[in-house]
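Colleague: I would like to learn how to read the aromatic rings and the surroundings of single residues in a model. Could we go through them slowly, one feature at a time?

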Amino acid sequence: MNDNEYKWYYNLKYLIAGIVFGIIFVKAEVISWFRIQEMFRLQSFHMYGIIGSAVLVGIISVWLIKKMNIKTIDGETITLSPKKFNKGQVYGGVIFGFGWAITGACPGPLFAQIGTGAVAVSVTLLSAIAGTWVYGYFRDKLPH
């Protein structure tokens, strides 16, 4: 089936998964500005526990994909390319961390935060979009 042949309701499953994921974020207090500030002030283990469990699930998932040669739904082989370390990753991580600490928002839960009525987070969303555009514009000129 061609991408142009999908009916409008084909992507409905992604909308439902996103809504469920957002509800989980809200209930687990992952989007709470106060929880994020506690994490950066080293006052609570809550967010470190969530992030650590996500890393553990990711490690196990990648191991299972490699070990069992798991394929996509369409039967395609999943390839995981080796990544080279780059000092730009450190710079980017520091900038990302500062932005996360200042705004109390990570790109993942931005929509969930806006959905809970924190419309001020729209500024953070627009900033994330602008930052992505700026990176895309200058990507070829940056050292990699």
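**Reading the rings**

Modeller: Being 4 residues apart in helix H1 (residues 12–27), Phe21 and Phe25 are separated by about one helical turn. Please keep in mind throughout that this is a predicted model.

Colleague: What is the relative accessible area of Phe25, and is Phe21 buried, partly exposed or exposed?

Modeller: The general idea is that a residue counts as buried under 20% relative accessible area and as exposed over 50%, with partly exposed in between. Phe25 has a relative accessible area of 15%, so Phe25 is buried, whereas Phe21, at 49%, counts as partly exposed.

Colleague: How many aromatic pairs does a search of the whole structure find?

Modeller: The search finds 6 aromatic pairs. One of them is formed by Phe21 and Phe25, whose ring centres are 4.4 Å apart and whose planes make an angle of 45°, and this pair is tilted.

Colleague: Why is a pair with such an angle called tilted, rather than stacked or edge-to-face?

Modeller: Planes under 30 degrees apart count as stacked and those over 60 as edge-to-face, so the rest are called tilted. The pair of Phe96 and Trp100 is also tilted, with 55° between the planes and 5.9 Å from centre to centre.

Colleague: Where do Phe96 and Trp100 lie along the chain?

Modeller: Both belong to helix H4 (residues 87–103), and because they are 4 residues apart there, about one helical turn separates them. Trp100 is buried, with a relative accessible area of 15%, while Phe96 is partly exposed at 38%. Ring pairs also link these two residues with Phe40 into a cluster.

Colleague: Which rings have the charged end of a lysine sitting over them?

Modeller: The charged end of Lys13 sits over the ring of Tyr10, at 4.1 Å from the ring centre, and the charged end of Lys141 sits over the ring of Tyr137, at 5.5 Å from the centre of that ring.

Colleague: Where does Trp8 lie, and how far is Trp8 from Lys83 in space?

Modeller: Trp8 is found in the segment before H1, and with a relative accessible area of 72% Trp8 is exposed. Trp8 and Lys83 are 75 residues apart in sequence, and their C-alpha atoms are 37 Å apart in space.

Colleague: Is Leu126 buried or exposed?

Modeller: Leu126, which lies in helix H6 (residues 121–138), counts as exposed at 58% relative accessibility. Between the C-alpha atoms of Leu126 and Ile65 there is a separation of 35 Å, and along the chain these residues are 61 residues apart.

How values were computed
Residues numbered from 1 in each chain as written. Predicted model: local features only at pLDDT ≥ 70, side-chain atom pairs only at ≥ 80, totals over all residues. Heavy atoms only, no water. Phe/Tyr/Trp six-rings, centres within 6.5 Å; stacked < 30°, edge-to-face > 60°. Helix = DSSP H or I, 4+ residues; strand = E, 2+ residues; numbered from the N terminus. Buried < 20%, exposed > 50% of the residue type's maximum accessible area, 1.4 Å probe, protein only. Lys NZ or Arg CZ within 6 Å of the ring centre and 35° of its normal.
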